[in-house]
Amino acid sequence: SGESSRRWVHELRGRVDAVVVGIGTALADDPLLTARPPGLRQALRVVVDSRLRLPIQSQLVHTARNEPLLICAGPKADLTKASELESLGCKVWISPTDDRQRRLNEMLVMLAQQLNATNVLVEGGSELLGGLMDLRQVDQCEVFIAPKLIGGASAPSPLAGLGMEKVSDGPALDLLQYQMRDHDMHLTYRLRWR
């Protein structure tokens with residue numbers, strides 16, 4: 001996507017309670033997940049990382065003392081690594097359940113009930129987005145279509161997870177707004193689940 005789209009995403013980060021990514025995105029992109037320039041709110045940065053693979057050298061960990069970072073792990077997480085991350089300013093939440101879907105749902109409940117994070121932006125990746133779609137925990141999508149063609153048999157998909165068995169099982173998408181951002185098309189959809 002183009003510069004205008006990226007600027008808009010930074011503005012959105014400055015308006016939400018939390019920005020969430022999966023460990024695959026954190027490893028691939030080494031993001032900061034901050035709003036630049038800062039917005040009205042300082043969003044909690046959240047990494048879904050069942051085995052605590054987030055590198056100590058990552059930008060997320062290096063900035064954890066100044067920008068809040070929560071790492072959500074599973075019961076097989078390395079407790080020594082958890083202590084090391086906490087000593088560097090990270091918060092580590094370890095779910096007792098081994099079931100990925102239940103763990104995602106518990107994470108959302110914890111974010112809302114314990115941290116008052118009810119306006120959550122999930123930036124990716126496909127496994128996390130697919131898991132949240134499988135739970136029917138997505139209510140709005142911000143879609144950017146850039147004027148570029150990429151692909152191939154092994155190209156990543158924006159959604160993984162279990163998916164829907166029938167088209168009728170999926171949510172209906174109500175278009176709320178669309179606009180051009182330089183050469184990108186930006187579409188906002190509200191999801192209606194059956």
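## Two sheets, helices and salt bridges

Arg-41 is partly exposed, with a relative accessible area of 39%. That's a handy place to step into this structure, which is a predicted model. From Arg-41 we can follow a salt bridge, then look at two sheets and end with a helix.

**Salt bridges**

Which residue does Arg-41 pair with? Its side chain meets that of Asp-17 in a salt bridge, with 2.7 Å from N to O. The two come from distant parts of the chain: Arg-41 is in the loop between helix 2 (23–29) and strand 2 (44–48), and Asp-17 is in the loop between helix 1 and strand 1 (18–22), 24 residues apart. In general, side chains of opposite charge can pair when their charged atoms come close.

The count of salt bridges comes to 7. Among them is the one between Arg-13 and Glu-123, at 2.7 Å from N to O. Here the partners sit 110 residues apart, with Arg-13 in helix 1 and Glu-123 in strand 5 (residues 120–124). Another joins the side chains of Arg-192 and Asp-174, again with an N to O distance of 2.7 Å. That bridge also links distant parts of the chain, since Arg-192 belongs to strand 8 and Asp-174 to strand 7, 18 residues apart.

How buried or exposed are these residues? Here are the values for four of the partners:

| Residue | Relative accessible area | Class |
|---|---|---|
| Arg-13 | 10% | buried |
| Glu-123 | 30% | partly exposed |
| Arg-192 | 47% | partly exposed |
| Asp-174 | 29% | partly exposed |

Arg-13 counts as buried because its 10% falls under the 20% cut-off.

**The parallel sheet**

Now for the sheets. Five strands make up an open sheet with parallel pairing, and their order is 4-3-2-1-5. Strand 4 and strand 5 are the edge strands, each pairing on one side only. From one strand to the next, the twist averages 25°. Helix 6 (residues 126–134) packs on this sheet and touches strand 1, strand 2 and strand 5. The direction of helix 6 makes about 130° with that of strand 5.

Over at the strand 4 edge, strand 3 and strand 4 run parallel and are joined by 4 bridges. Within that pairing, Leu-70 stands opposite Lys-91 in strand 4.

**The antiparallel sheet**

There's also an open sheet of 3 strands, in the order 6-8-7, and its pairing is antiparallel. Which strands are at the edges? They are strand 6 and strand 7, each of which pairs on one side only. The twist here averages 20° from one strand to the next.

Strand 8 (residues 184–192) pairs with strand 6 (residues 140–145) over 6 bridges. It also pairs with strand 7 (residues 172–181), this time over 9 bridges. His-186 in strand 8 shows both pairings nicely: Phe-144 stands opposite His-186, and so does Gln-179. Asp-174, which we met in the salt bridge with Arg-192, has Arg-190 in strand 8 as its bridge partner.

Strand 7 and strand 8 form a hairpin with 2 residues between the strands, and there Asp-182 takes a positive phi near 55°. Helix 1 (residues 3–13) lies across strand 6, strand 7 and strand 8, and runs at about 160° to strand 6. This is the helix that holds Arg-13.

**Helix 4, start to finish**

Last stop: helix 4 (residues 79–87). Just ahead of the helix, Asp-78 caps its N-terminal end, with a side-chain oxygen 2.9 Å from the backbone nitrogen of Thr-80.

Which residues of helix 4 are buried? They are Lys-81, Ala-82 and Leu-85. Seen down the helix axis, these fall within an arc of 105°, so they line one face of helix 4. As background, an α-helix has 3.6 residues a turn, so residues three or four places apart point the same way.

The buried residues of helix 4 pack against helix 3 (59–62), strand 3 (69–73) and strand 4 (91–94). The face turned away from that buried side carries Leu-79 and Thr-80, which are exposed. Helix 4 is followed by Gly-89, with a positive phi near 105°.

Technical notes:
Residues are numbered from 1 along each chain as its sequence is written. This is a predicted model: local features need pLDDT of at least 70, side-chain atom pairs count only at pLDDT 80 or more; totals for chains, interfaces and linings use all residues. Side-chain values use heavy atoms; hydrogens and water are left out. Buried means under 20% relative accessible area, exposed over 50%, partly exposed in between (1.4 Å probe, protein chains only). The arc is that of the directions from the helix axis to the C-beta atoms. Contact means heavy atoms within 4.5 Å. A polar contact is a pair of N or O atoms within 3.5 Å; within protein, one must be able to donate a hydrogen and the other to accept it, and residues adjacent in sequence count only if both atoms are side-chain atoms. Two strands pair if DSSP finds at least two bridges between them. Axes are lines fitted to C-alpha atoms, for helices over the stretch in contact, and angles run from 0 to 180 degrees between N-to-C directions. A salt bridge is a side-chain nitrogen of Lys or Arg within 4 Å of a carboxyl oxygen of Asp or Glu.
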